[in-house]
Amino acid sequence: MLADSTPRTTVSFYKYHQIENPQGFRDGLFARWNELSVLGRTYIASEGINAQISVPTENFETFVEDLFTIDFLNGIRLNTAVDEGKSFYALKVKLRNKIVADGIEDPKFDPSNTGKYLNAEEWNNQLSDPNTVVVDMRNHYEYEVGHFKGAIEIPSDTFREQLPMAADMMKGNEEKNIIMYCTGGIRCEKASAYMLHQGFKNVFHVEGGIINYAHQADEAGIEKKFIGKNFVFDNRLGERITADIIANCHQCGKPADTHTNCL
């Protein structure tokens, strides 16, 4: 794959949906995608699907047509990469208890009862509202290299740790607009549902995460309020949204926002 020059399109998508037979769904999906030379990492659970994959560009239209034959995925939003590159080197479709590990055990929690979507223009307008609190629902090393102006960091290593921390940190802001974001939308969507479950009323999240926000901002010709680089969980380890370098090297202290997989 390192030497392969085949043009590829990196795409991600997710959907919270009850899947009755996750194993059968997983096996069928793997077989279909393997025929199309899809690479990447996908999690299947009874609560839905979370996919981050790379498709040969010449097969992309066929891939989309096939994907849309699955009823609950028909017409789903596909987040294509902001910065293309070699993202994946194998196809892995795995079963999980949840597509996002959240640590929530409350049977009354409904992940489908989410906050309201905001597109890029609406998001920018909310950011300028003094009655708004913006919350970053990503890990600390993601926040470090890029985030929205004025965003509050929930300092943790895992999403399951962040959820109760976010609810605790937002106490006293019950009357404000709480707007949340993450990389591609899957974490902030569940986080918005959790905040509603905790009694907060005015909860919003950016549609499709930072990836979709960047595309929408470019298409609309509006200012990007996200500064720096968007960390992504593949071999690229980041997509540049703006030229700003807001982090520093942990070894020498100079400006740097390039993550390296030391392994």
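**Exercises on a predicted protein chain**

In this predicted model, buried residues account for 49% of the 263 residues in the protein chain.

**Exercise 1.** Determine how many helices and strands the protein chain has, and assess its radius of gyration against the globule rule.

*Solution.* Step one: the protein chain contains seven helices and 13 strands. Step two: its radius of gyration is 18 Å, and the globule rule gives 18 Å for 263 residues. Step three: these values are close, so the protein chain is as compact as a globular protein of that length. Step four: the C-alpha trace spans about 50 × 50 × 40 Å along its principal axes.

**Exercise 2.** State what share of the contacts with a separation of 6 or more joins residues 24 or more positions apart.

*Solution.* Contact here requires heavy atoms within 4.5 Å. On that basis, residues 24 or more positions apart account for 71% of such contacts in the protein chain.

**Exercise 3.** Describe the exposed area and the charged side chains of the protein chain.

*Solution.* First, the protein chain exposes about 12800 Å², of which carbon and sulfur atoms supply 48%. Next, there are 27 positive and 37 negative side chains. Finally, the centres of these two sets lie 4 Å apart.

**Exercise 4.** Check the span of helix α7 and identify its buried residues.

*Solution.* Helix α7 covers residues 209–220, which is 12 residues. At 1.5 Å a residue the helix should span 16 Å, and its end C-alpha atoms are 16 Å apart, so the two values agree. The buried residues in α7 include Gly-209, Ile-210, Ile-211, Asn-212, Tyr-213, Ala-214 and Ala-217. Just after α7, Gly-221 adopts a positive phi of about 70°.

Key:
Residues are numbered from 1 along each chain as its sequence is written. This is a predicted model: local features need pLDDT of at least 70, side-chain atom pairs count only at pLDDT 80 or more; totals for chains, interfaces and linings use all residues. Side-chain values use heavy atoms; hydrogens and water are left out. Helices (H or I, at least four residues) and strands (E, at least two) are DSSP runs, numbered from the N terminus. The radius of gyration is taken over C-alpha atoms; the globule rule is 2.2 Å times the number of residues to the power 0.38. Buried means under 20% relative accessible area, exposed over 50%, partly exposed in between (1.4 Å probe, protein chains only). Accessible areas come from the Shrake-Rupley method with a 1.4 Å probe; for residues, only the protein chains shown count as cover. Lys and Arg count as positive and Asp and Glu as negative; His and the chain ends are not counted. The place of a charge is taken as NZ of Lys, CZ of Arg, CG of Asp or CD of Glu. The expected span of a helix is 1.5 Å times one less than its number of residues.
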